[in-house]
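Please look through the sequence and the model shown here before reading on. The paragraphs that follow lead from one kind of link to the next and end in the interior of the chain.

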Amino acid sequence: MPSACGSGSRGSDWPLPNGDVASTRAAPEAGIGRRNVTRLAPVWRYRFTIRPGESGAFTATPVVADGVVYVQDMSSNVAALELRTGARRWLHRFGAPSPGPNGLAVADGRVFGATDTTAFALSTATGRVLWQRRLVSRSESFVDTAPTVADGQVYLGTTGYVPGTRGALYALDADTGTIEWRVGTIKRPWRHPAEAGGGGTWAPPSVDGPRVYWGTGNPFPFGGTPRRPNGGSFPGPALFTDSLLALEAESGALAWYDQVTPHDIRDHDFQLSPILASGRVYGAGKAGLVIAWDAATGRRAWQTEVGLHRNDRGPLPRRLVSVCPGLLGGVETGMAYAGGRLFVPVVDLCSRGSAVGYAPLVQTRPEAGSGEVVALDARSGLHLWTSRLPKPPFGCATAGDGVVFVSTFDGAFYGLDSRNGARLWTAHMRAGVNACPALADGFLLIGAGIPRGRDSVPELVAYAARDRE
């Protein structure tokens, strides 16, 4: 039988969506690494029974605290499971379909999360609702992020997804759910609000003492319209879309910002959770750019391109052309940071776009893409190695002790040597994967929620290292 190794201490928990408030997605102390990755095997499985939606049944990162795993499915339902066995302690049903990605955070005996409209806190012991707070206004489409919790505040965001919307960032009091501040991500009113929308955020922020760092989403519509080509519906840079924002945690005041893609007509969100390390902020997004800033001043230290790049700058022609990264390409999901290196999952998938609009998104088939994991030197941004993947990685990079985990859309799950990208371990899930893994106390947890035919099984799987013979 497989058996888990690990200290069992709180130091090996994974209580936040990205592991910690710095969003490093690294847990070298969790008991899984280069020495035992080849002995990983399934220990238990927890099946998701909801009907899969557009994004599947599960898109989140499991969170772990004090021997309990907490998961949220795509109907916003929250379950608490025993880490050692997968046995369910409780289930709180919300029945609120979420577009995702969603997810949870755990702190001070409470589980924090949100439905598509409403933030909540549940008791870790029973799943009982402690408070709820509706966030979405008429100018916002939905809540889509997992929360970050730090210093008594819960950080969540909404997105702008249809014309007229203006996504926003929120800080709530962790004890009561009271809104401490709200920051809009669209600086000025849309020139054509019946046509333009966007902004907001798709991923949790990172926190370093008095500041909160957040990446923001794109303006809409992609490409343009016959009447207003090349983004004429939102003339100008469209601040603060596609930006890295540094906010004061106490008030939400803007400390500094950098707009990565002004007047974005290609859906190139700069959406990922920034990584905070060694006085720097590291961000990435769907434009296939990884950028490092000085955290105090906001001055760029370096910028590096990853993945395919084609027709990705300047105006688009009126005829359809291949645009790379496409609507589902670039750096879609979170990076990891360990040992002075950034590990970047890259989706190589193009779309057909023009000055007057894009081909329907349904024509962009995720399974048709490929990808890679790129390791960058965090000080210089230089490429250290690239590990090619046959299918696109729509799950975050996650670092253990000398090993980097990444999953692909077809359900494959890889463990790569952090020194050179060599493939050390491969597993195959019983459904496709667009969720992110967690490492905690000797367990590797990954959810597979994308249907792949009649034999597909949406589930959370816990892996641990088998005992030596």
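Is Asp417 buried or exposed? In this predicted model, Asp417 is buried, with a relative accessible area of 3%. Its partner in a salt bridge is Arg34, and the two side chains meet at 3.4 Å, taken from N to O. Because Arg34 lies in the segment before β1 (40–47) and Asp417 lies in strand β34 (residues 412–417), this pair ties together parts of the chain that are 383 residues apart in sequence. Arg34, for its part, is partly exposed, with a relative accessible area of 32%, whereas Asp417 has the 3% already given.

The structure holds 18 salt bridges, and two others can be followed in the same manner. Arg182 and Glu140 meet through their side chains in a salt bridge of 3.6 Å, N to O. This pair links distant parts of the chain, with Arg182 in strand β14 (residues 179–184) and Glu140 in the loop between β9 (129–134) and β10 (142–143), 42 residues apart. Arg182 counts as partly exposed, at 42% relative accessibility, while Glu140 is buried, with a relative accessible area of 4%.

A further salt bridge brings the side chains of Glu459 and Arg430 together at 2.7 Å, N to O. Since Glu459 lies in strand β38 (residues 459–465) and Arg430 in the loop between β35 (423–428) and β36 (438–440), the pair ties together parts that are 29 residues apart in sequence. Glu459 counts as buried, at 1% relative accessibility, and Arg430 counts as partly exposed, at 39%. Returning to the pair described at the start, salt bridges that share partners join Arg34, Asp417 and Arg419 into one network.

Links between cysteines come next. How many disulfides does a search of the whole structure find? The search finds 2 disulfides, and when the bonded cysteines of the chain are numbered in sequence order, the pairing is 1-2, 3-4. One disulfide joins Cys324 to Cys350, with 1.9 Å from S to S, and with 105 degrees about the S-S bond this link is right-handed. Cys324 is found in the loop between β25 (321–323) and β26 (336–338), and Cys350 in the loop between β27 (341–348) and β28 (351–354), which makes a link between distant parts of the chain, 26 residues apart. At 0% relative accessibility Cys324 counts as buried, whereas Cys350, at 23%, counts as partly exposed.

A second disulfide joins Cys396 to Cys436, with an S to S distance of 2.1 Å. The torsion about the S-S bond of Cys396 and Cys436 is about 55 degrees, so this disulfide is right-handed. Cys396 sits in the loop between β31 (383–389) and β32 (398–399), and Cys436 sits in the loop between β35 and β36, so the pair ties together parts that are 40 residues apart in sequence. Both Cys396 and Cys436 are buried.

Strand β31, which precedes the loop that holds Cys396, also has a strand partner. Strand β30 (residues 370–377) and β31 run antiparallel and are joined by 6 bridges. Across this pairing, Glu372 stands opposite Arg388 in β31. The two strands form a hairpin with 5 residues between them, and in its turn Gly381 has a positive phi of about 80 degrees.

The last stop is the interior. In soluble globular proteins, nonpolar side chains tend to be buried together. Which residues have the most contacts inside the largest nonpolar core? They are Phe405 and Tyr463, in a core that has 43 residues. The elements that give two or more residues to this core are β1, β3 (68–72), β4 (78–82), β33 (403–407), β35, β36, β37 (443–448) and β38. Among these, β38 gives the most, with 6 residues, and β38 is also the strand in which Glu459 lies.

Phe405 can be followed further through its contacts. When its neighbours within four places in sequence are left aside, Phe405 is in contact with a list of residues that includes Ile32, Val37, Leu40, Phe413, Tyr414, Trp425, Leu439 and Leu444. Cys396 is also one of the contacts of Phe405, and this cysteine is the one joined to Cys436 in a disulfide.

Terms used. Residues are numbered from 1 along each chain as its sequence is written. This is a predicted model: local features need pLDDT of at least 70, side-chain atom pairs count only at pLDDT 80 or more; totals for chains, interfaces and linings use all residues. Side-chain values use heavy atoms; hydrogens and water are left out. A salt bridge is a side-chain nitrogen of Lys or Arg within 4 Å of a carboxyl oxygen of Asp or Glu. Helices (H or I, at least four residues) and strands (E, at least two) are DSSP runs, numbered from the N terminus. Buried means under 20% relative accessible area, exposed over 50%, partly exposed in between (1.4 Å probe, protein chains only). A disulfide is a pair of cysteine sulfur atoms within 2.5 Å. Two strands pair if DSSP finds at least two bridges between them. A nonpolar core is a set of buried Ala, Val, Leu, Ile, Met, Phe, Trp, Tyr and Cys residues joined through side-chain atoms within 4.5 Å. Contact means heavy atoms within 4.5 Å.
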